[in-house]
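Trainee: Have you got a few minutes to go through this one with me? I'd like to start with the strands and then ask about the cysteines.
Mentor: Happy to, let's open it up.

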Amino acid sequence: MKILVCIAQVPDTTSKIAFTDNNTAFATEGLTMIINPYDEWYALVRALELKETGKATAVHLITVGKSEVEPVIRKALALGGDEAIRVNTESSDSYFIASQIADVAKAGHYDLILTGKETIDYNGSQVAGMLAEALDLPFISVAAKLDVAGSTVKAEREIVGGVQEVEVSTPVVISC
């Protein structure tokens with residue numbers, strides 16, 4: 001199984017945030033940037049666990065951004081990613097980011113594409129769904145538990161009043 005993990009660079013949660021451009025953009029001067037925690041702690045860690053148990057053969061990483069995102073790519077590789085892809089362009093909005101990732105994912109023939117549930121900077125929770133649509137793949141939103149058996153993925157989602165169990169064949173896009 002070949003896994004693609006989408007990672008985003010976001011401001012460290014301990015950083016003091018300021019805005020520029022009439023309060024429409026983050027002021028990045030002096031701002032510490034990190035891997036989006038949902039991408040790292042849930043999507044990347046689960047992908048690496050699947051690789052460690054032999055259920056995945058490769059974990060590739062992808063991010064959209066200019067050279068300033070290189071530190072988060074290096075950290076994700078240091079955590080255990082096998083290969084990293086940086087789409088060298090400004091990440092302007094969720095649809096654009098999803099379309100850029102979709103272009104790479106189509107060529108890479110991935111079995112499982114994982115994202116965090118949302119980024120902590122914009123909290124849009126849009127990229128994964130748009131990515132699944134662009135790739136014409138099934139989509140599981142906000143998986144709390146994920147297991148793989150061959151080409152079958154089983155996920156659990158917390159819903160109002162309980163837990164929903166979902167089973168789907170690969171390829172699939174899942175936000176974690």
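**Strands, helices and cysteines**

Trainee: Where should I look to begin?
Mentor: Keep in mind that this is a predicted model. Try Val5, which stands opposite Leu114 in strand 8.

Trainee: And how do strand 1 and strand 8 pair, parallel or antiparallel?
Mentor: Strand 1 and strand 8 (residues 112-115) pair in the parallel sense, over three bridges.

Trainee: How many bridges does strand 1 make with strand 6?
Mentor: There are five bridges between strand 1 and strand 6 (residues 58-64), again in the parallel sense. Leu4, for instance, has His60 of strand 6 as its bridge partner.

Trainee: Is strand 1 buried or exposed, then?
Mentor: Strand 1 covers residues 2-6, and four of those five residues are buried, so the strand is largely enclosed by the rest of the structure.

Trainee: OK, zooming out. What's the strand order in the whole sheet?
Mentor: The order is 7-6-1-8-13-9, an open sheet of six strands with parallel pairing.

Trainee: Which ones are the edge strands?
Mentor: Strand 7 (83-87) and strand 9 (139-140), each of which pairs on one side only. For strand 7, the pairing is with strand 6, in the parallel sense and over five bridges. Within that pair, Thr63 stands opposite Arg86 of strand 7.

Trainee: Which strands does helix 2 lie across?
Mentor: Helix 2 (residues 70-79) lies across strand 6 and strand 7, and it runs at about 160° to strand 7.

Trainee: What about helix 3?
Mentor: Helix 3 (residues 94-108) lies across strand 1, strand 6, strand 7 and strand 8. Its direction is at about 150° to strand 6.

Trainee: Switching to cysteines: how many disulfides does the structure hold?
Mentor: Zero. Take Cys6, which is in no disulfide: the nearest cysteine sulfur belongs to Cys176 and is 10 Å away.

Trainee: Why is there no bond from the Cys176 side?
Mentor: The closest cysteine sulfur to that of Cys176 is in Cys6, and because the two are 10 Å apart, they are too far for a bond. The cut-off for a disulfide is sulfur atoms within 2.5 Å.

Trainee: Last one: is Cys6 buried or exposed?
Mentor: Cys6 has 6% relative accessibility, so it counts as buried. Cys176, at 9% relative accessibility, counts as buried too. The cut-off for buried is under 20%.

Trainee: Great, thanks for walking me through it!

Definitions and conventions:
Residues are numbered from 1 along each chain as its sequence is written. This is a predicted model: local features need pLDDT of at least 70, side-chain atom pairs count only at pLDDT 80 or more; totals for chains, interfaces and linings use all residues. Side-chain values use heavy atoms; hydrogens and water are left out. Buried means under 20% relative accessible area, exposed over 50%, partly exposed in between (1.4 Å probe, protein chains only). Helices (H or I, at least four residues) and strands (E, at least two) are DSSP runs, numbered from the N terminus. Two strands pair if DSSP finds at least two bridges between them. Contact means heavy atoms within 4.5 Å. Axes are lines fitted to C-alpha atoms, for helices over the stretch in contact, and angles run from 0 to 180 degrees between N-to-C directions.
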